[in-house]
Amino acid sequence: MQQLGRSRPSRRARVSSSPAQGELRPNPLLRFALLLAAPAIIAIAGCSAGTVSANPSNGSFTISPGTGAIDTNCTGCNAVDRHGSPVLQMAARTGLGSAPAVTWSVAGGDPAAGAGSIDAAGRYTPPTYLTRDVVQVQVTAAAVGANPSLGGGATITLRPGFLQPLTPENVALGPMGTVTLTGRLAEAGGRVEIHFALAGSADGSTAGSGSLSTPVCQHSEQAFTTCSVTYTAPATLAATGATFVVAMVGGSKTEAEILLNSAGVNSNPTGHQGGLAAMMPLGTSGGNNHDFDAHGNTIADCCSGTLGALVQDNAGRQYLLSNNHVLARSDHATVGDAIVQPGLIDNNCTPSGDGPGTVPVAALTTWLPLRSSATNADAAIALVGSRTLDANGSILELGGRQADGTLAAAPPGVSSTGGKGEAPALQMTVAKSGRTTGLTCGAVSAVDLDVSVDYYRDCAETKPYYTKVYTNQLAVSGDRFSDAGDSGALIVDTANAEPVGLFFAGGTDAAGVVESIANSAGDVLNELSAQAGNDVTYTFAGAADHGVSCLNYGDSTISAAQGAAFSNAEIARGQQALADARALVDASAGILGVAMGKSSDRVGEAALIVYVSGHASVPQTIDGVRTMVIPANADQVAAGTASTANGLLAGLAPAELRRVMDVKDRVARTLMRENPAYFGVGVGQSLDDPREGALVIYVDRHLAERDRGRAGAVYRDGTAACDAVVCEHGARGAALRAASDCR
């Protein structure tokens, strides 16, 4: 299973306006993959934080927590609300340990941004920004009932957090390539600065390569604090690898990944975020000109996504394709609304007509209504304006390497399918070009996916609109494959650039691997055509099939599982099973050796490594411990050099794929209906034995962690329900969200 957050559209990029604007085995079981994800919207890294100190009043109540560390992102907070957003859960206790009925209130805080808010259950949410380096918030609990004079209080020390991840959050560079990275803090005024460092891994545990300049910070009362640093790649690169620039404020951090490559390819996603000249390519920032939240006459938040691809009808009219939640504001737009480039998030939330910076490129034509039971895709189209978009449907960086190392724009391939797009397949290598992460590659990790996605009426995601269950979707796995703001990006097959899917939702699992959800490209076209009626059909605009450069930032799923710690009980269980497993070794039957290892399907569980040659038959479990089947030869086993985990996977045999699909169709809806933490079920591949299929199950981490006892039972029930399937557990979060970017 993968634990994620509840599915929400991989939300448009969102920004707050500046303060100035106010396997085949005898046992026919499948592997069952449980993906536990982080809150559907990509979590923003926090910043420096302060303490929470309890100050009992009149000796009547004790307020907890007594200590803590929080910032404007609630980094260090101890709970989440029903939407998966972090909160500081306060609690009042009497001297006898009982929880009295109290009324909560807050005071103090920032002179401009206020003190934040606290609800009736004691869940505190800090203000979204500050104008001071440090502020104090007083939290008070007053008794309800016979003696209202009884109460208690606590003082929260609050500091500014990161407003968003580093920009860009990923970049590809060749030898001596450079990039300027910018961190943005939720502080207008003050003197807090960001510190930068190089690392060989995202957690900073190893040294990085290259060099950093001296950071430069800009402070203003009229804009958020920014600090920038320039990274320079080494002069020589023997092979492709990653290094990280880590940004830190106090105990909080965020990082950018630099993909260093000896081929000399330079790719910077910021080129997808600014304004482009007329006849512009796709894969760039854009959205509805009215996609903002207003408080009175002040714009408080705005949203943007990606202008994904060009489609045309059988009369030759051309339309811009993206998601409903990007172009049509989740069903809340009006036909004819201006679609602008860049999106409002990249223009300080200033709409076209209210100031310069954005250009109308299309007029909203139609969308697939989210509330309709007849629709199964998050898509909308807009009639292209005269001489605004490239008529060939070119997409940024989809072409070959140019003399300066950058990648040319190129149309998607349409010659082998007639513009209808091709069907996804497990382990297919795909690419997408989007507003936030630019050109990235990954592998299709699940097909035939049922998934529940939450939609909102506003950019701030405070007003729920509708929860829609999609069927027959696809998922792509890969580090940095997508992020908020990439909603609407076209996913293509890297072998031929043929359209495969339309990205719309995503989240990040516990290993830091992004799980990206997409509508099938063919389904999108078919549904738009069916809605238009009158024999209207749509196809993708494009050119002859061609390859796509693959900028692959890696996939940490297996490495994270192999790095997980064992409990003593799990070690003992594995060692006992290993003693019995040695009886399996028989070179004439293709079983060369056994060893104890770690399961990649179920993180934290022991596995019995079975080294095989050919298609040896291996039991799925021995003494209750799952087996991990790894191809090897006798010399590798004898020398101890055989791998301890499977590497690159090939697709499933057709008969096995059909078998798993049949199982999924029988159990998916029941699993999702009876287990609130399960919000997605699809067909994937076992990491322990790639010859086997797997049910990939997305689990709301917040619900699972809130009630661990029930979650444990859920997993057992789920495994029992999938009586023809193996269960593969991973880690994902709260809810998938629409992948547009909001501020």
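These legends describe close-up views of a cavity and two helices in a predicted model. Residues are numbered from 1 along each chain as its sequence is written. In this predicted model, local features need pLDDT of at least 70 and side-chain atom pairs count only at pLDDT 80 or more, while totals for chains, interfaces and linings use all residues.

**View 1. The largest cavity and its lining.** The largest cavity, a set of points on a 1 Å grid over the protein atoms alone where a 1.4 Å probe fits but cannot get out, holds about 30 Å³ of space, a volume being the space filled by probe spheres set on the points. Its lining residues, which have an atom within 4 Å of a point, are Gly 308, Ile 395, Leu 398, Ser 433, Leu 490 and Val 492.

**View 2. Helix H4, residues 568–581.** Helix H4, a DSSP run (H or I, at least four residues) numbered from the N terminus, has 14 residues and reaches 20 Å from its first C-alpha to its last. Glu 570, Gly 574, Ala 577, Leu 578 and Ala 581 are buried in H4, where buried means under 20% relative accessible area with a 1.4 Å probe and protein chains only. Because these residues cover an arc of only 110° around the axis, taken from the directions from the helix axis to the C-beta atoms, they lie on the same side of H4. On the other side of H4, Asn 568 and Ala 569 are exposed, that is, over 50%.

**View 3. The kink in helix H6, residues 654–674.** Helix H6 has 21 residues and carries a kink of about 40° centred on Val 667, the bend being the angle between axes fitted to the seven residues ending there and the seven starting there. Val 667 is also among the buried residues of H6, including Glu 656 and Lys 664.

Definitions and conventions. Heavy atoms only, no water. 1 Å grid on protein atoms, 1.4 Å probe; cavity = no way out; pocket = protein on both sides within 12 Å on 5 of 7 lines; lining within 4 Å. Helix = DSSP H or I, 4+ residues; strand = E, 2+ residues; numbered from the N terminus. Expected span 1.5 Å × (residues − 1).
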